[in-house]
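User: I would like a close look at one part of this model, with its surroundings described afterwards. Please keep the account plain.

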Amino acid sequence: MTTTTTTTLEQHLAAQHASGAISATLQSVIETTASACQRISRLVAQGALGGVLGSAGSENVQGEAQKKLDLIANDALMAAHQGGAVAALASEEMDTICPIPGAEAAQWLLLFDPLDGSSNIDVNVSIGTIFSVLPRTASGAVREAEFLQPGRRQAAAGYCIYGPQTMLALTTGGGVQLFTLDPASGTFLLTHSSLRVPDETQEFAINMSNSRHWAAPMRRYITECLLGADGGRGKNFNMRWIASMVADVHRVLLRGGIFMYPWDKREPKRPGKLRLMYEANPMSWLIEQAGGAATNGKQAILDIQPAALHERVAVMLGSKNEVQRVTRYHSEEN
Ligand code: P6P
């Protein structure tokens, strides 16, 4: 449901603060993050003209090649949050946490994937920034262990998608709102005030090239989707795979669907490809706040107790009835 109000992100957050839904410092963290995303949007839009494409010639803690824009986006978020309401930052692009000098008394911890979907940057496909805000649970110097909180503890979560439009999705626990960046004014304007993910869907998103490596429950679920009306599901399915989590999840938020990145046997000790703390947790909270579901095949992603900052997780999220079905298939196997 789109709205045509002229409510800005700042006005929306001020109203949430006035109602007591969020604190002034949390409002500041979200506004500062949105401002950094505006800067990233401008840099992404320059593409080759800004000399921002291509490899940075380095690897991140995941052992993955870093793109120049990965590091530029990371730096933009780091610079924006100096001297503000965040005590420490964690990023996919940084091995460990980054305490903010002089901010030990700040109440918030910010985690982000500064530019998700890097493989799409050089071919002009939508990419995005994913962020998650956790409360501090101790005082004094911030230690990495303080970040290891289940996703249910998030105070705010969202993403900014850099596509045909730049849009910010946000939840602070009162549903999901979407803001569209007005390029003329540089202002995020509220365009979707209460997103709802339909319980039913006929659209699944998964990288099918990995199918021979999946566990049996995932192969069972996808086989049924492919059989469509000729099989037990009694309806046909469509498939999408953008290979940019922000873009795939944005589509699910707007029209339903199920997005999956499951375990596969090539790296049996690795639960999945996607990261729990700054990809799966924020996206799962958005989906649940919009009436959908998100599991790792066994439990709600938001209930997982993290053991490590960069730990990975299997992800099945979106339309509730489909997520419950594929999760049931996993529990039946166990
Ligand atoms: P694959 C992007 O690199 C990412 O982390 C997610 O944004 C995306 O959903 C997934 O990986 C794509 O993985 O194996 O299909 O390239």
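Which residue in strand 17 is the bridge partner of Met260?

Analyst: The model is a predicted one. In strand 17, Met260 has Met316 as its bridge partner. The two strands concerned are strand 13 (residues 258-261) and strand 17 (residues 315-318), which pair in the antiparallel sense over 4 bridges.

Met316, placed in strand 17, has a relative accessible area of 1%. The cut-off for buried is under 20%, and Met316 is therefore buried. Apart from neighbours within four places in sequence, the contacts of Met316 include Phe259 and Met260. They also include Ala293, Ala294, Thr295, Asn296 and Gly297. Met218 is another contact of Met316, as are Val323, Val326 and His330. One of these residues, Gly297, is 19 residues away from Met316 along the chain, and the C-alpha atoms of the two are separated by 6.9 Å.

The pair of strands belongs to an open sheet of 5 strands in the order 12-11-13-17-15, with mixed pairing. Its edges are strand 12 (238-239) and strand 15 (293-295), each of which pairs on one side only. Strands of a sheet pair through backbone hydrogen bonds, in either a parallel or an antiparallel sense. Helix 4 (residues 216-227) lies across strand 11 (203-205), strand 13 and strand 17, and runs at about 140° to strand 13.

Between strand 12 and helix 5 there is a loop that holds Ala243. Most residues other than glycine have a negative phi. Ala243 has a positive phi of about 65° although it is not a glycine. Its relative accessibility is 36%, so Ala243 counts as partly exposed.

The model also has an open sheet of 8 strands, in the order 4-3-5-6-7-8-9-10 and again with mixed pairing. Strand 4 (98-99) and strand 10 are at the edges; each has a single partner strand, so one side of each has no neighbour in the sheet. At one of these edges, strand 3 (residues 86-91) and strand 4 run antiparallel and are joined by 2 bridges. Ala88 has Pro99 in strand 4 as its bridge partner. Helix 3 (residues 68-80) packs on this sheet and touches strand 3, strand 4, strand 5 (108-116) and strand 6 (127-135), its direction making about 155° with that of strand 5.

Helix 5 (residues 245-255) packs on the sheet as well, touching strand 5, strand 6, strand 7 (156-162), strand 8 (166-171), strand 9 and strand 10. The direction of helix 5 makes about 110° with that of strand 7. Of the 11 residues of helix 5, 9 are buried, so the helix is largely enclosed by the rest of the structure. The buried residues of helix 5 are Met245, Val246, Ala247, Asp248, Val249, His250, Arg251, Val252 and Leu253. Gly256, just after helix 5, takes a positive phi of about 85°.

At the strand 10 edge, strand 9 (residues 177-182) and strand 10 (residues 187-192) pair in the antiparallel sense over 5 bridges. Phe179 stands opposite Leu190 in strand 10. Strand 9 and strand 10 form a hairpin with 4 residues between them, and Gly186 in the turn has a positive phi of about 70°.

The loop between strand 5 and strand 6 contains Asn124. Asn124 is a residue other than glycine with a positive phi, near 60°. At 73% relative accessibility it counts as exposed.

Elsewhere, the axes of helix 1 (residues 9-18) and helix 2 (residues 24-46) come within 10 Å and cross at roughly 165°. That angle makes helix 1 roughly antiparallel to helix 2. The crossing is right-handed. Leu9, Glu10, Leu13, Ala14 and His17 in helix 1 meet Ala24, Gln27, Ile30, Glu31 and Ala34 in helix 2. By class, this contact has 6 nonpolar, 2 polar and 2 charged residues.

Ala56 lies in strand 1 (residues 55-59). With a relative accessible area of 31%, Ala56 is partly exposed. Beyond its neighbours within four places in sequence, Ala56 is in contact with Gln66, Lys67, Lys68 and Leu71. Ala56 and Ala15 are 41 residues apart along the chain, and their C-alpha atoms are separated by 41 Å.

Key:
Residues are numbered from 1 along each chain as its sequence is written. This is a predicted model: local features need pLDDT of at least 70, side-chain atom pairs count only at pLDDT 80 or more; totals for chains, interfaces and linings use all residues. Side-chain values use heavy atoms; hydrogens and water are left out. Axes are lines fitted to C-alpha atoms, for helices over the stretch in contact, and angles run from 0 to 180 degrees between N-to-C directions. Angles under 35 degrees count as roughly parallel, over 145 as roughly antiparallel, 65 to 115 as roughly perpendicular and the rest as oblique. A crossing is left-handed if the near helix is turned anticlockwise from the far one by less than a right angle, and right-handed if clockwise. Contact means heavy atoms within 4.5 Å. Ala, Val, Leu, Ile, Met, Phe, Trp, Tyr, Cys and Pro count as nonpolar, Asp, Glu, Lys and Arg as charged, and the others, Gly among them, as polar. Buried means under 20% relative accessible area, exposed over 50%, partly exposed in between (1.4 Å probe, protein chains only). Two strands pair if DSSP finds at least two bridges between them.
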